[in-house]
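This report describes a two-part reading of one model, going from the contact between chains to selected elements inside each chain.

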Amino acid sequence: MAMFNKYILTASLFALFSISSLSFADDIQDANKLFKQGQNAQALEKVNAFLATKPKDAQARFLKGLIVNEQGDANGAIRIFTSLTDDYPELPEPYNNLAVLYASQDQYEKAKIALEMAIRTHPSYSTAHENLGDIYAKMASQAYDRALQLDKSNTSTQTKLALIRDLFSKTPRTTKPTAIAAVTETVVTPTAASSSVPVTTPTVSPAATTTKPVAVATAMPAVTAKAEPAVNVSAEVLKATREWAAAWSAQNSDKYLSFYAKDFVTPVGMSRNAWEAQRKERIAKPESIKVEIQDAKAQEQDEKHASVSFKQHYRASHLKSSSNKTLVWIKNDGHWQIAEERSGK
Amino acid sequence: MKLHSFLVLSLLALSSSLAAEEQASRNMEQALAKSLQAVGNNRLDVALNEVDSLLKTHPNFKLAQLVRGDLLMARSKPISDFGAAPNAPRDRVQDLREEANARLHRVQQQQPIAVPKYLWQLNDQQRFAVVVDTSKSTLYLYENVNGEPRYVADYYISVGKKGAAKVSEGDQKTPLGVYFVDEHISSAKLTDFYGPGAYPINYPNEWDKRQGRNGHGIWLHGTPSDTYSRPPRASNGCVVLSNNDFTHLGKNIQVGVTPVIITNHMEWSDEKDATERADLMNSIEKWRSDWESRETETYLTHYARDFSTGSTAFKDFAEQKRKVNSGKTWIKVKLSKLSVFPYPSQQGLVVVNFEQDYESNNLSNRMLKRQYWMKQDGRWKIIYEGSA
């Protein structure tokens with residue numbers, strides 16, 4: 001299939017399995033290895049075995065779709081990706097792959113709709129945007145053929161539709177398994193969160209601008225003394241943002257909620273209590289949560305008001321989403337707290 | 001013979017049996033115009049919706065496909081011109097650009113409220129008249145309502161690749177003049193290229209021949225089944241309609257009866273026109289009564305010096321008339337089914353057709369006659385006469 005020339009090979013989808021169910025993860029990792037080695041039959045066998053115990057598993061089904069397609073059964077793959085979009089409508093990758101498969105069958109209208117769904121759930125999903133551009137070009141050339149009776153060979157627009165190889169690939173163009181860590185400027189890990197600063201001292205270090213939370217902790221005592229005169233608001237809110245993400249990743253809901261100011265703007269129609277209850281439930285429920293913050297930028301208003309905008313990559317056991325987020329911070333009694341949380345740009 | 005009124009409020013008087021079907025073709029053109037206007041207003045989403053819904057019913061509408069191609073392409077990359085298809089043959093894009101222009105003009109144009117000046121008199125057999133304006137890529141259909149032409153519909157058409165005013169075989173031009181539908185050729189006898197059938201017209205007519213024009217096979221016909229419409233200049237001289245339009249038009253065509261008048265500059269009936277018409281009608285009546293009077297020299301003053309039957313010039317014609325009339329003790333001439341069509345592209349020329357009921361002491365006959373009258377030095381004269 002010449003049109004799928006944007007292969008995207010990351011192994012990131014297996015990361016969270018190492019946290020949850022190791023034996024299962026091994027199975028599926030093996031299947032993935034086999035698949036990448038071109039041993040499709042064996043890979044399929046592994047995946048099927050895995051699905052026998054976890055029939056709903058998104059990644060296993062996703063991998064199965066890829067394998068089945070590679071074996072030449074595009075319609076089978078379409079069925080698998082379609083059922084994935086039914087069960088996990090929030091995931092953009094199955095839509096994308098569905099679109100690529102439809103496009104390979106010249107069903108551009110269906111491909112277009114699938115990509116639009118992918119983009120609806122994830123407006124910044126660049127692969128879908130690129131693919132949609134290709135689909136439009138392809139549809140355009142079909143229309144031109146009809147309009148001008150062109151030779152088919154004459155107009156075939158080169159398409160570069162990308163079949164997403166990994167369900168939870170964060171950065172679609174990434175080619176190395178390690179690339180996730182490399183492109184993400186700041187990785188907040190649960191361990192970093194456990195040693196987080198706010199608990200230990202109310203004054204925040206201006207030295208905390210470095211990207212590693214660990215560095216913050218070590219630098220702390222030294223700077224405390226001269227913290228008063230030169231308060232670096234940006235550094236403080238950036239640090240607070242990372243800590244907030246760390247608390248979330250650690251599934252420490254008390255700590256997570258402590259970041260929210262009393263007058264935090266809860267979603268419309270929701271009381272503070274109801275909101276807290278919902279957050280607690282959602283934080284506790286997944287087997288694991290990993291929240292990454294990328295391209296964080298602080299905007300200072302004054303000494304006590306600032307906001308931080310960033311790209312948030314959220315991954316839980318069966319859900320992954322990326323979104324743009326802005327946290328509006330306010331300093332209450334020496335603590336930075338979240339006054340408002342906005343999604344989107 | 002009463003004068004017909006000059007203004008016919010066609011909008012209110014659409015023939016009900018035709019209205020719905022005619023409207024379909026119009027609606028489509030309007031949808032296309034809407035789409036193109038939306039492009040102009042930078043509402044590409046609206047434009048695409050419009051053209052998409054139009055293509056649902058008419059996927060073979062090539063111009064709409066081209067517009068759709070552009071609109072989709074614009075979502076993929078910036079485009080700079082109409083017909084941005086890579087490797088697009090420029091001539092075909094140009095053709096479709098011209099069709100877009102022609103159709104846009106058609107949409108912007110009001111439906112006619114006046115009557116073309118080429119329809120001075122329809123006879124009661126002629127239920128409809130066809131007037132083609134090659135410069136507007138439009139065929140107008142008029143219905144004969146109690147002797148008055150009433151606008152029914154107009155259709156987008158294609159004409160000759162080299163335009164209008166045919167002179168010779170192979171010049172790829174559409175003739176201008178007053179013609180009649182000669183015959184109907186069913187699709188069974190034709191290739192798919194002609195669509196649902198064809199109506200040949202009588203080019204070259206008597207006037208054409210007199211002008212030394214030649215060529216043959218000028219038809220009204222449809223389009224191939226995979227083509228909704230052809231560019232404004234596409235044929236070898238024929239007038240080409242969309243298949244739906246052709247079929248609807250065909251319902252109103254009477255072989256040997258329906259006039260097809262082709263102009264490259266539509267002129268509408270006006271007051272001066274009415275005077276001219278009355279003058280000609282008087283001349284025709286005078287010619288008839290002078291013939292009955294057997295005053296042959298007076299009768300012959302109606303014939304021009306350059307009169308010709310095509311085979312006989314004035315001198316011989318006059319000679320023969322004198323001879324025949326001298327043997328008559330009485331003559332009676334009745335004219336019926338009179339139709340009168342001023343010639344487009346030729347000032348002061350009129351085609352007159354009638355059924356002539358001739359009786360005399362030693363001979364009687366009935367015939368369909370055609371005359372060409374021309375205004376010479378302020379007087380209407382016959383320059384051609386023959387059976388029709």
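The text below covers the contact, then a helix of chain A, then a sheet of chain B and the helix that packs on it. The model is predicted.

**Contact between the chains**

Chain A contributes 14 residues to the contact and chain B contributes 17 residues. On the side of chain A that touches chain B, helix H8 (126-148) and helix H9 (152-155) of chain A each supply at least two residues. H8(A) gives the most to that side, with eleven residues. By residue class, the side of chain A that touches chain B divides into nine nonpolar, four polar and one charged.

**Chain A and its helix H7**

Chain A holds 15 helices and four strands. Of its 345 residues, 41% are buried. Among the contacts in chain A with a separation of 6 or more, 55% join residues 24 or more positions apart.

Helix H7 of chain A covers residues 108-121 and includes Lys110(A). Lys110(A) counts as partly exposed because it has 17 C-beta neighbours inside 10 Å, where 20 or more would make a residue buried and 12 or fewer would make it exposed. The C-alpha atom of Lys110(A) is separated by 8.8 Å from that of Leu98(A), twelve residues apart along the chain.

Which residues of H7(A) are buried? They are Tyr108(A), Ala111(A), Lys112(A), Ala114(A), Leu115(A), Ala118(A) and Ile119(A). Seen down the axis of H7(A), these buried residues fall within an arc of 165°, so they line one face of the helix. Their cover includes helix H6 (92-104) and H8 of chain A; H8(A) is also the element that gives the most to the side of chain A that touches chain B.

**The sheet of chain B**

In chain B, four strands form an open sheet with antiparallel pairing, in the order E11-E12-E13-E14. Strand E11 (331-342) and strand E14 (379-387) of chain B stand at the edges with a single partner strand each, so one side of each has no neighbour in the sheet. On average, and with direction ignored, neighbouring strands are turned by 30° against each other.

E11(B) and E12(B) are joined by ten bridges and run antiparallel; within this pair, Leu335(B) stands opposite Gln356(B) in E12(B). The two strands form a hairpin with six residues between them, and Ser345(B) in the turn has a positive phi of about 65°. Strand E12 (residues 349-360) and strand E13 (residues 364-376) of chain B pair in the antiparallel sense over eleven bridges. Leu349(B) has Met374(B) in E13(B) as its bridge partner.

**Helix H7 of chain B**

Helix H7 (residues 271-293) of chain B packs on the sheet and touches E11, E12, E13 and E14 of chain B. Its direction makes about 160° with that of E11(B). In H7(B), the buried residues are Arg277(B), Leu280(B), Ile284(B), Trp287(B) and Trp291(B). What covers them includes helix H8 (296-300), E11, E12, E13 and E14 of chain B. After H7(B) comes Arg294(B), with a positive phi near 65°.

The table sets out the two H7 helices, with the span expected at 1.5 Å a residue beside the separation of the end C-alpha atoms; the values agree for H7(A) and for H7(B).

| Helix | Residues in helix | Expected span | End C-alpha separation |
|---|---|---|---|
| H7(A) | 14 residues | 20 Å | 20 Å |
| H7(B) | 23 residues | 33 Å | 33 Å |

Note on methods: Residues numbered from 1 in each chain as written. Chains lettered and ligands numbered in written order. Predicted model: local features only at pLDDT ≥ 70, side-chain atom pairs only at ≥ 80, totals over all residues. Contact = placed C-beta atoms within 7 Å. Nonpolar A, V, L, I, M, F, W, Y, C, P; charged D, E, K, R; others polar. Expected span 1.5 Å × (residues − 1). Arc of directions from axis to C-beta. Pairing = 2+ DSSP bridges. Axes fitted to C-alpha atoms, helices over the stretch in contact; angles between N-to-C directions.
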